[in-house]
Amino acid sequence: MNFDTIKDGDAEYLMSAYGRFPVALVEGKGAVAKDADGREYIDFTSGIGVNCLGYSDDGLAGAVSEQMSKIQHISNLYYNPLQVEVAKKLVELTGLSKVFFCNSGAEANECAIKIARKYAFEKYNGKRNKIITLVNSFHGRTITTLAATGQDSFHNYFFPFTEGFVYAEANNIESLRSLIDDTVCAVFIELIQGEGGVNPILKPFVWEAEKLCRDNDILLLVDEVQTGVARTGTFYCYEQYGITPDLITTAKGLAGGLPFGACICEEKLGDVLSAGTHGSTFGGNPVACAASLEVLNRVSDSKFLNEVSEKGEYIREKLIKMNNVKEVRGLGMMIGIVLESGDAKEIAARCVENGLLILTAKTLLRLLPPLTITYEEIDSGLDILERVLA
Ligand SMILES: *Cc1c(COP(=O)(O)O)cnc(C)c1O
């Protein structure tokens, strides 16, 4: 199928939920994607932070096909050795205590919300169920995670939304303090708001938030769905804040391109989801687990993590010198570009026409390159961006 046939078929058979760039991707290697007409693109998107090892990585492909020909799925009625291996690795890497597997970021966040509410329900006789999230946050597309998302534009059409979410202003500790009372069970935050415009949450705010949580027996939950799995130069972003969350959620890059998510919690929350209170048919699927093991073994290496930071720094230094760039934000290879002028979506479309895939977030351009991207690929992509911005 050439592009026009694909586009027509999409319009005829698929729901119109997505605004798409006029490109159909059919294969890729490393940070280079190829479209249906054979054109190549440097990829600064990694499928929105998912393909952390790039396209068709040999190690990942090998791990997946090997597992596929052994056993592709077992239900959660039976023990699963791969779940044990991945969970052990996540526990060792985080210092947290227990893991629940699911298939996406929104599901990981649903799980976090259920854990926080059940924990508080049992401890405070049903009197604590409110969850504080941040204005401008993004936590997913289910009815409950939309309610958790602190943006009015997401609170439309699908009424009634799940009750019990209130929104504090990021980096405004008085705003957070004013919402805390004895009906609150958790504070749930991203450390860099990804979809919200690559807004890093400031350390003093996060430290103060952690202290408020500790003083009031409120759980601190961190949404690491976009910031996690080495994206920001540490395995999880919270390490750079020096905090100890009670629970983190993770997905996107966790299995390098297969649907996979997890909720990782500390000891006291480890047995909140007793048998029968939560579940997932596909959660912890052996093939996703095998992919995740390959990803975790590679990206948790300290040399790999340092390279992510160094490449991020290299990209930032080049970006800030470019025409029309006002500010560069983010950590590691999660990068937001504040423009002097012009529409980010239009600029992203011009980049695509010139052979570069790039993301936007609100009015910013956003880069989430594969973590394995080479300096040559970075330079080729930045050359295209520089030409478009000039
Ligand atoms: C992408 C994202 C989600 C939602 O993940 P899905 O896999 O699309 O459900 C949740 N939180 C954050 C911070 C995200 O970036």
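Reader: What makes Arg-366 count as buried?

Author: Its relative accessibility is 2%. Buried means under 20%, so Arg-366 is buried. Keep in mind that this is a predicted model.

Reader: And Glu-195, why is that one called partly exposed?

Author: Glu-195 has a relative accessible area of 24%. Partly exposed covers what lies between the 20% limit for buried and the 50% limit for exposed, so 24% puts Glu-195 in that class.

Reader: How do you know that Glu-195 and Arg-366 form a salt bridge?

Author: Look at the side chains: N and O are 3.0 Å apart. The cut-off is 4 Å between a side-chain nitrogen of Lys or Arg and a carboxyl oxygen of Asp or Glu, so this pair passes. The two residues sit in distant parts of the chain, 171 residues apart. Glu-195 is in the loop between strands E8 and E9, while Arg-366 belongs to strand E17. The structure holds 19 salt bridges.

Reader: What makes Glu-307 and Lys-303 a salt bridge?

Author: Here the N to O distance is 3.7 Å, and the limit is 4 Å, so the pair counts. Both residues lie in helix H10, 4 residues apart, which is about one turn of the helix.

Reader: Which of these two is exposed and which is partly exposed?

Author: Lys-303 has a relative accessible area of 57%; exposed means over 50%, so Lys-303 is exposed. Glu-307 has 31%, which falls between 20% and 50%, so Glu-307 is partly exposed. As for networks, salt bridges with shared partners join Asp-57, Glu-294 and Arg-298 into one.

Reader: How do you know that Glu-294 and Arg-298 are bridged?

Author: Their closest N and O atoms are 2.6 Å apart, and within 4 Å is what a salt bridge needs. Both are in helix H9, again 4 residues apart. Arg-298, at 28% relative accessible area, is partly exposed.

Reader: Why is Glu-12 called exposed?

Author: Glu-12 reaches 58% relative accessibility, and exposed means over 50%, so the label fits. Glu-12 is part of helix H1. On the surface, Glu-12 gathers with Asp-4, Asp-8 and Asp-37 in a patch of negative charge.

Reader: What makes Ile-143 fit for a nonpolar patch?

Author: Patch residues need over 30% relative accessible area, and Ile-143 has 36%. Ile is also among the nonpolar side chains, so Ile-143 fits on both counts. Together with Tyr-157 and Phe-158, Ile-143 makes a nonpolar surface patch of about 360 Å².

Reader: How do you know that strands E1 and E2 are paired?

Author: They are joined by 4 bridges, and pairing takes at least two, so E1 and E2 pair. The two strands run antiparallel, with Lys-29 standing opposite Val-32. They form a hairpin with 2 residues between them, and Gly-30 in the turn has a positive phi of about 60 degrees.

Reader: What makes E2 and E3 a pair?

Author: They share 3 bridges, and at least two are needed, so they pair too, in the antiparallel sense. Glu-40 in E3 is the bridge partner of Lys-34. This hairpin has 4 residues between the strands, and Gly-38 takes a positive phi near 85 degrees.

Reader: Why does E2 have a covered and an uncovered face?

Author: In a regular strand, side chains alternate between the two faces of the sheet. In E2, Ala-33 and Asp-35 are on the covered face, whereas Val-32 and Lys-34 are on the uncovered one.

Note on methods:
Residues numbered from 1 in each chain as written. Predicted model: local features only at pLDDT ≥ 70, side-chain atom pairs only at ≥ 80, totals over all residues. Heavy atoms only, no water. Patch = residues over 30% accessible without salt bridge, like charges linked within 9 Å, V, L, I, M, F, W, Y side chains within 5 Å. Areas by Shrake-Rupley, 256 points an atom, 1.4 Å probe, with all protein chains shown as cover. Lys, Arg positive; Asp, Glu negative; His and termini not counted. Charge placed at Lys NZ, Arg CZ, Asp CG, Glu CD. Buried < 20%, exposed > 50% of the residue type's maximum accessible area, 1.4 Å probe, protein only.
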